[in-house]
Every structure is written in C-alpha cells, then in structure tokens.
Amino acid sequence: MLGPSGSGKTVFLASMFKKLSTQGELGFFLEVDGEEKRKRLVNLYKQIAVEEKWPIGTLRSEVSEWIFTCRVQTPNLPIYSACQFEYLDYAGGRITDELEEEDREFDDKIKHADTLLGLLDGQRLRALMRNEQLGLLWAIGDLPNMLTVMQRSVKPVHFVISKWDVLEEEYSLKEIRDRLLQIDEFKNLVNLRNQAGSPIRLIPVSAVGKGFATLQPDGSMVKSLASLPHPFQVEVPLACILPDMIQVHLEELIQKRQQELSTPLEIKPNLSFWDRLGQVFGSGLRTIRELLPRKYQFADELLENLVKFAEEPAQQKQTSAVRRTEELRQEQAASLKAVEDEETALRHVVNCFLFIKNQLDSKFPESNLKLL
Amino acid sequence: MTMFEAWSFLVSRNQFLDYRTVVAPNFMCEAGATGLLAKAAEGDLSDPGIAYYREVYGSKVGDLTLVFQVVEATSENTGIKGSGNLKDAFGREIFLIEGIALKGIVQNVFVSQAILDKIHLELAKHYQEFWSQANSQPATASKLFALSNENVKLEYKVLKEYSASGKAIVSSRMETPIETKNSTEQQCFWQSSPTGNCPSEVVSIACSSDGSLIAFRYDRTVVIRNLHTQQTDKLYSEGKISLGDSSAPLVFSNNGRLLATGMIEFADQNTVKVWNINTKQELSFHGHKPSILGRIRAIAITPNNEIVISGGDDGIKIWDIKSGGEFGDFLEHSSSVKAITVSKDGQTIISGEVKGVIKFWDLRSKRLIQSVQAHSLPINSIAINPNGKLVASCSDDCSIKLWDFKNRSEVCVLGQHSEPINSVAFSSNGKLIVSGADDHQVKVWEVLSKKCIAVLTGHSRAVTSVAFIPGEQTVLSGSRDCTMRLWYRA
C-alpha cells in the first residue's frame, strides 16, 4: 500500500486485521505470521481504539512485512487455510522524500508486488475539495509522487480513500472522483489502465468509522472515546485483489491471442468477459487455466466463478451488481457448507471476495474508475 | 582512561516531513550515506538508564557502532514554542532518536546519560531549525568529538546487527569458530557461461549418458549439439508455439542413440516423436487424444531403449519403438501426468501428477502398484538415481522430496526454492542433485548431507530444465530467458 506520511497505512493495517481476525458474516478470517506480530497489531488497534493518542508515525527503519493467511472455520469447527497474502507497511516518506537515497531492496518489493494500493488521504482530499492550501499542495506534491511509483508498475492498481468518515458527510464519491479526474497525473494513470483493460477502483474506507474521531482546525483528529471504532470497508481492498488480478491476466491472454490470430476477431461490444474469452479461446477453461501464472491455476469451478463475476461493461455494472447480490450470498452460504479441505476453503474465500466486491459495486458504482 | 572518536546524530520528523536523518556525522554527509541512520536507529521509547546499542556492517562508510536513546520530543526539551509533546500535522507525537556513532565495531564503549544529555543540547538546536522545514534538506553535519569511557554507564539493549548491504553478517561477536567445510563444500565454486541465445524460451534440455551430446527445445524446434565438436543439427522445426500449446520435455535413450519428445502437429494432433540421432530417422506415435484433451507433458524411455512412455492429460501410454506401435496404456485412471521416469530394471514406471500424487506402475501388467500423496501441488519433474534406490520429485509447492524406491516412502524434504521448481536431475554418480525453478535459480544439492552446496544465479527468467553432464562437474540449464547455460565447478 502506497501513501505519504499520515495517510493512514498503519492504522488501516491494524483495523483490517481487527475486523477480520474472527470469522463473522464476511465468511473468513485472517491469521498473521507469528505471535509477536499478532500482538503488535492488537496493541496498535488498542492504541487506536481506547487511548487518547494515535500511534506514532512509522519510523524509517520499519519496513514491516506482514503475511496474512485467509482461513475458514466450517460449521463443524475444523479450520482450513485458503490463501496467503503479504502486506508491506513502511514510512510514507520513503516514496515522497525527494532526497531519499536509493533503496534497491524496497524498490524491488514495490516492483514485485502483485497489486499496488494507492492510499488517498481523506483529510487531504477534503482540503482539496474545499480548495484549501493543504489540499492543493497535496495534489501537486505528494499525490504525483505516489502516482509516479504506481505508473511504473505493470500490475493492477487501486486507490483507497482513507478517513472516509471525514469526507462522507460533505461529499459523495462521485464528486470526489470527478475532482480527482481533474488532476492530470491522476487522469492519465486511469486512462492508461482503462486502455489496457486493467480494473482500477476508488475504494472509500474508514479504519475507525463514522463518529469515532473529529477533525480539528489544526488538522489533528481527536477521538471521542465514548464508543469503539467500527471499521468501514477495510476488507474491500483485499477482496478486490484476487478477482481483479485474474481479470488482468485473462485480459492479457485475450490480447495476446488476438495478436496471434491471422484474421483478427471482431469483438462485439457489450460482451461479458466470459463471452469474450469464449470467442477468443473457444475450448474452455482448461486451456485458459494453464495459461495463467501458476499461483492462479485454480480448479475449474473456482475459475469459472471468477470469470463469471468479472467486470461487465460499465453500463450494466450496477444493475448486475444488485441482481447478483442474492446469487452471491447463496453461493457463499453453499460453499461454506462444502468446505472440507484447502481447495474448497479457497473456493469459499473467493466467493466471499466476490460478494464483498459486488457489494462495493452495488453501493458505490462510482468506485469503478472505468471511464466511459 | 580510554578515548574514542565519536559523532552525534539525530533521527526525527517535524510537522510536515516524515522521519529522516536530521543530523549525521560529517563523514556520512560527505559520502551521501546519512539515510542509513534513519534505517538502523530504531526502537520504542527508551526506559530510564537504558540505551540501544547496534552494530552496523557493510555500509558505504564502513562498519559503525551506534549508541542511542529514543525520547519524546517536547517543547521543553527542544526549545520549540508551546508546551508538552510535539505533534505532527496529523496529531501524532514525535520521537527523537538521538545518540552517537563511532567508526568501526567498538564493543567496549561505555556511554553515560550525562554524555547523551550533553549532545542532546546540541542536537536540540538543529532540531529547532528542522522543525519548520517543509521541504527536504540534507542532514546537518556533526563534528568529531572525543568520547571518554565513563564509570557510570547506561545499560545497553543490544539490537540485532544491521547489514547495510543486505548480505549475511559474519559477526565479530561469534564465539564458536566457523565449522570447517567438508571437501565437497570447499569445492563448490561454480562458473558459468551462456551457450548462446535461442530465438525463444528454452523449454527443455537433455544430455546423453556419455556426455557427448546435448539436446534442447524451443517452440517446436528440437536441436542437438555435439559438445566436443560443437556441431549443431536441427532435428525438427515446425515454427513457433501458440498460446495455449504446451511443450513436452526431451529425453535421450540410455544408449544415446534415440531422442524422444511430444509434439503438437498439424490439426492439433498430439504426437510422440522419436528420432534416431545418427540416421535422423523419425518415428511418430499417434494415440493421444487431440487438442487440449491429450497434451503430452512427460516422456521417458526404458533402459533397454525399446519402449517409450508418454504421459499427459489423457493418462499414460506405452509405445514400442521396434514395431512402431502402441503397446497399451495404463489400466487404472490417472489424472493429468506431468512427469515420468523408469526404474533401473525397466519394470516400474514412476509418474508424477497434477494433484501432487506419485504413482508406481508395473510396466508388464500395466497395473498400479502404489499411489503416494507426495506434494500438495502439481509435480513437475521426477528422477531416479543411478543405483535405482532413490527417487527425487519436485513440485509447484517449491520443494524437492526424496523417496525410497523400494518402500515407496518419503525419505526427506531435500530442500526448497522460493518459487515452483520445474526440473530435477541426479548426477551420474548419484551423489548430487540439481534443480531449476521459477525463481531463476539453479541449485546443487548433496544427497548424503541433504545440503544445498551451490546456488547458481545468472538466468534472468524461470529455469525450465536442468541436467548434469556426466562427471558431476558440469551442469546444463535451460531457461525462459531464451538461453542455456553451462555451469562449471571450479
């Protein structure tokens, strides 16, 4: 996750873990690699939730790699691991500081990340929307710095708006999206990704939820401490990663295949992803599966689900999302009952991810940055 | 009284700028190495009477010793207007990480609170200048001062040694001598040379048992090369492979006269091809299902040079070279086969499958003898050692495992790569194993000690195939970077 100092990377990490540390209606839970790390996250969240002070800024010496395992507990109580992901937390100045000395190891980690999540500081966005100096400075300084790093990557990128609780009372996601698209560097990045067929999203999250903290005139956030935080949508960025990665790879395969064909196929507009794959590959899932990177060579049923619920033409997006909610809820319930090993656990977790992603499309259709 | 040369340093942040080195020794400023301090000086707030001690190795300016404390920045201790803790623009409290740096590793330096308090006063002045900066500035240079060892010293909390270069540290703190390496390890220096670029990814390589010939495959082209004369011949060339096509491996017969592989031919037919190296005569076996239903992924030739076994998406088939006909296929259903080898007596076929299962088959009866759930992910390659007692398997799960052939039981996990392993092979004397993986590396393992004795880096993409040239002094590897490499043990 990329973001300047103070944008909320560490607080997001702690809140995401807190929300997903036990299996609730989201259908899975997270474990972190090592008891020390778990304690650290719990202590971080405790500091966020009940202490007056916020955690101090991440030190430059800290580049923390957190390996999370998605696990599923079945109705009969056995627990299975489904998949793993690694989250990189670091001091934001590393990417914004113009005097930063070359750090090959850190640069390599960014380069090899499967997805980059660009964190847009909700406080700075609010200032931008109000045409305040801090916001304008952010838009011409920190934001382009971050976008430059993101632009270098060939992997999927998403934007996460932190501190959504600060923004949501005054601005809609559409208004924020429109304002961001007025920034050339932002618009250019989005355009490039659109042209490549790579999904790109704008996901509002709040690590503490509405009403927990109040923005002060001096820019600090004062906690109310009268209630506990209620993290909002902190699970969504994670849930979008795998389905979107698959879509990116499949899109690449479609383009490569089209280049190979001596007579280019006429791709009809408004075809679903499944239909486009069928038109180009014809022979079905097995061929497609074997062309994917190894870590995405899932079982047929799972892959079929991912393709089925992959991105549709934008016009149909929200209506489809609403229609699919019940379908996905049923799939999720059924797949939980069917969990009996790691493969079925993964299938269930992917269904959970698809459900969460669908909820985002349904509640925040503007989160899809595919420009018409 | 012992005296040391020391410099002060400060790492902190201000209202606008993230944690960075604010003050650094002058020699580090001159070398452009001040960022190191921000990375190496870390910790929670120091307890009273305690300082952090850290040794830094391999930096641009040599080894260093750091002694420092982490304290809260307050208006009172920095002289900045206001009261109480200083906070950044987001309301978060700020730490000062301040202390001394010495050149080299100095384990007998004693620092007192009085010294740290004294340098704090100097550092606070620099912090005041730093407090309002909104743009990055280079660190301020601190000058050398003489540090004398004090009687009243702080207790040290010793942090793990920091490697500025990222390499493993051979610490002067080691109390036990480094073990003398055995003769094999002492000789594990390897040099490599690329053998030339191919027009496309090298998907398979093989070496004849007498070490005179190598064969390699890219796309739908199969080439043999005489290692002594360097004469190169194309045995087969039918153009580029399409997206979705798979490439079967190459295998030499025991007598070095035959070379076999699987090929996708006209009308999407999956064909087993066998060439006589000397006469260039070609045999084709048709019988696998067409298109993706019958892709050939594994090939082996029995030690008596008479039978070819092919495996793939539609199971395992047996072909008689003499008659040119199909000998049959294995009766029990097997899932997609990705690896095959044959026992030394030619009676048992060992297959590795997509579901991570190793199966042992009787060639004569074509029946399954035993099935072992060997890996959690697809098996990519299987090899049997020259005495026929040990089997090695490698998998997408990044591990290499050894199996007792007679008991069909696991001996051990030999080792791992960081990414899926594509190929594994024994040396001609059975003492070494070589593996090649998606992590671009070739590794050499000693079977007896179960240790990795060499990690060979040089390929820039996945290593698809590896083999020993007989004599265990040379390894051949093929890679998706379109090259092959010969690795010579120095």
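This section describes the interface of chain A and chain B, the salt bridges, and one helix pair in a predicted model.

The interface was examined first. The size of an interface is often given as the accessible area lost when the parts come together. Chain A and chain B bury about 3100 Å² between them. Carbon and sulfur atoms account for 51% of that area. Chain A gives 40 residues to the contact, and chain B gives 39 residues.

Polar pairing across this interface was then counted. Two salt bridges link chain A and chain B. The side chains of A:K53 and B:E72 form a salt bridge, with an N to O distance of 3.7 Å. Three residue pairs are in polar contact between the two chains, both residues being at pLDDT 80 or more. On the side of chain A that touches chain B, four elements give two or more residues: helix 3 (93–96), helix 5 (122–129), helix 11 and helix 13 (285–291). By class, this side of chain A divides into ten nonpolar, twelve polar and 18 charged residues.

Salt bridges were also counted over the whole structure. Side chains of opposite charge can pair when their charged atoms come close. Over all chains, the structure holds 31 salt bridges. A:R71 and A:E31 form a salt bridge, and their closest N and O atoms are 3.2 Å apart. A:R71 lies in strand 2 (residues 63–73) of chain A and A:E31 in strand 1 (residues 29–32), so the pair ties together parts 40 residues apart in sequence.

Helix 11 of chain A also packs within its own chain. Helix 11 (residues 236–260) meets helix 12 (residues 273–281) of chain A at an angle of about 35°. The two axes lie 10 Å apart. The crossing is left-handed. Helix 11 residues in this contact include A:L250, A:L253, A:I254 and A:R257. Among their counterparts in helix 12 are A:F273, A:R276, A:L277 and A:F281. The contact comprises seven nonpolar, two polar and three charged residues.

Technical notes: Residues are numbered from 1 along each chain as its sequence is written. Chains are lettered from A and ligands numbered from 1 in the order in which they are written. This is a predicted model: local features need pLDDT of at least 70, side-chain atom pairs count only at pLDDT 80 or more; totals for chains, interfaces and linings use all residues. Side-chain values use heavy atoms; hydrogens and water are left out. Axes are lines fitted to C-alpha atoms, for helices over the stretch in contact, and angles run from 0 to 180 degrees between N-to-C directions. A crossing is left-handed if the near helix is turned anticlockwise from the far one by less than a right angle, and right-handed if clockwise. Contact means heavy atoms within 4.5 Å. Ala, Val, Leu, Ile, Met, Phe, Trp, Tyr, Cys and Pro count as nonpolar, Asp, Glu, Lys and Arg as charged, and the others, Gly among them, as polar. Buried area is the accessible area (1.4 Å probe) that two parts lose on being put together, summed over both. A salt bridge is a side-chain nitrogen of Lys or Arg within 4 Å of a carboxyl oxygen of Asp or Glu. A polar contact is a pair of N or O atoms within 3.5 Å; within protein, one must be able to donate a hydrogen and the other to accept it, and residues adjacent in sequence count only if both atoms are side-chain atoms.
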